[in-house]
Amino acid sequence: MKILIVGGAGYIGSHMVKQLAKAGNDVITLDNLSYGYRDAVKYGEFVEGDLGDNEVLDAIFQPGDIDAVMHFAGFIQVGESVTNPSMYYLNNVVNTHTLLDAMLRHNIKNFIFSSTAAIFGEPEYTPIDEKHQKQPINPYGHSKLMIEQILDDYDTAYGLRSTCLRYFNAAGADPDGELGERHVPETHLIPLILQAASGRRADIKIFGDDYPTQDGTCVRDYIHINDLCEAHSLALHRMIEKDQSARYNLGNGKGFSVTEVIDIAKEVSGNDFKVTIEPRRDGDPAVLVADASLAKQELNWQPEFAELKDIVKTAWDWEINFLSKQ
Ligand code: UFG
């Protein structure tokens, strides 16, 4: 297949590009490099440009040989979405709408969308399945849910098939050591902890130890980046084969508290580091764990990295590799 990866220079997109190319697909990355890195695109063709730019999109779609589009170019910082919602609605909603309409102009009808656990808002129960009510509590979650709504309507009206994958906490790095997480600024727990473990950061701050969980810190469901990408590949094949849209929650189905993640990181790295307790961060639900049974059942998907220790090990190798290049 020939697949366009929008945001292929970012963390998840770059791993997806590699996996699809290794499986023999023809891959094109479109990325404006606002957060991505040119050197993270190790396979296929690269186009520098914006997903909201019709001229760029028409030029990519013109040859008429693209089978599917995967979209990883959303903005992802919850806090920033609260202080600057305009930025989120422009990039995550308006620009995605532009991309979808460009696809329709060129009769491309297969779309895989990076959605998020944030569309569910404060959990009513855990683990969270696809039927859970969807009431986002921040503009980031709203922006992703709006696209899911647009995609439902585009399926009905235009036959544009889509699969929305609601990620819980994507983590880890390419086991070959070629790719990893490089967010600037970094806000995610595991890379921050590992930066503390390697000495790149003075300490790790725990945002709240008074949650109603076993040790008072927030519980999350960490899923390895390659397992996440594998679910995309399986979802794409099923969507094309069945000519059907779908929505899946993706996680390991097992929750780990912030304190447990820190302990695992100490064990994996063999290093001790300073841990401080800070007030709660706004908008953090106490527990977010996925019920991924639908994806397992319909996609025949089975995460390979079931143990958090193994996920953290790949991220630690990436951190060490990064340090060695400084
Ligand atoms: N945390 C800390 N200290 C830190 C960073 C994070 O204690 O320095 C805590 C957070 O408060 C949270 C947990 O670690 O309880 C995980 O935080 P992350 O920022 O790594 O991940 P989130 O669960 O907040 O975010 C993930 C995705 C987002 C998505 C969100 C949906 O990374 O893109 O889930 O709820 F929006």
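A search of the whole structure, which is a predicted model, finds zero disulfides. C164 illustrates this: the nearest cysteine sulfur belongs to C229 and is 17 Å away, so C164 is in no disulfide, given that a disulfide needs two cysteine sulfur atoms within 2.5 Å. C164 has 0% relative accessibility and therefore counts as buried, the cut-off being under 20%. C218 is also assigned to the buried class, because its relative accessible area is 5%.

Residue 219 opens the strand β9, which spans residues 219-220. This strand belongs to an open sheet of three strands, ordered β12-β9-β14. The pairing in this sheet is mixed. At its edges are β12, residues 256-257, and β14, residues 287-288, each of which pairs on one side only. Strands of a sheet pair through backbone hydrogen bonds, and the pairing can be parallel or antiparallel. Between β9 and β12 the direction is antiparallel, and two bridges join them. One residue of β9 can be followed across to its partner: V219 is bridged to S257 in β12.

The other residue of β9, R220, leads to the ligand. Which residues come nearest to the ligand? Among the 21 residues around it, they are L189, K205, R220, R281 and D284. Three of these can be described by their polar atoms. In R220, an N or O atom of the side chain is 2.7 Å from an oxygen atom of the ligand. D284 also uses its side chain: one of its polar atoms lies 2.5 Å from a ligand oxygen. K205 instead presents a polar backbone atom, at 2.6 Å from a nitrogen atom of the ligand. Each of these distances falls under the 3.5 Å limit for a polar contact between N or O atoms.

How much of the ligand's accessible area does the protein cover? On its own, the ligand has 690 Å² of accessible area, and the protein covers 91% of that. Two elements, α6 (189-198) and β8 (203-207), each give two or more residues to the shell around the ligand. Of the elements, β8 gives the most, with four residues. L189 is the residue at which α6 begins, and K205 lies within the range of β8.

The composition of the shell can be set beside these polar atom pairs. Its residues divide into 13 nonpolar, four polar and four charged. K205, R220, R281 and D284, named above among the nearest residues, fall in the charged class, whereas L189 counts as nonpolar.

Methods. Residues numbered from 1 in each chain as written. Predicted model: local features only at pLDDT ≥ 70, side-chain atom pairs only at ≥ 80, totals over all residues. Heavy atoms only, no water. Near = heavy atom within 4 Å. Polar contact = N/O pair within 3.5 Å; in protein donor to acceptor, adjacent residues only side chain to side chain. Areas by Shrake-Rupley, 256 points an atom, 1.4 Å probe, with all protein chains shown as cover. Pairing = 2+ DSSP bridges. Buried < 20%, exposed > 50% of the residue type's maximum accessible area, 1.4 Å probe, protein only.
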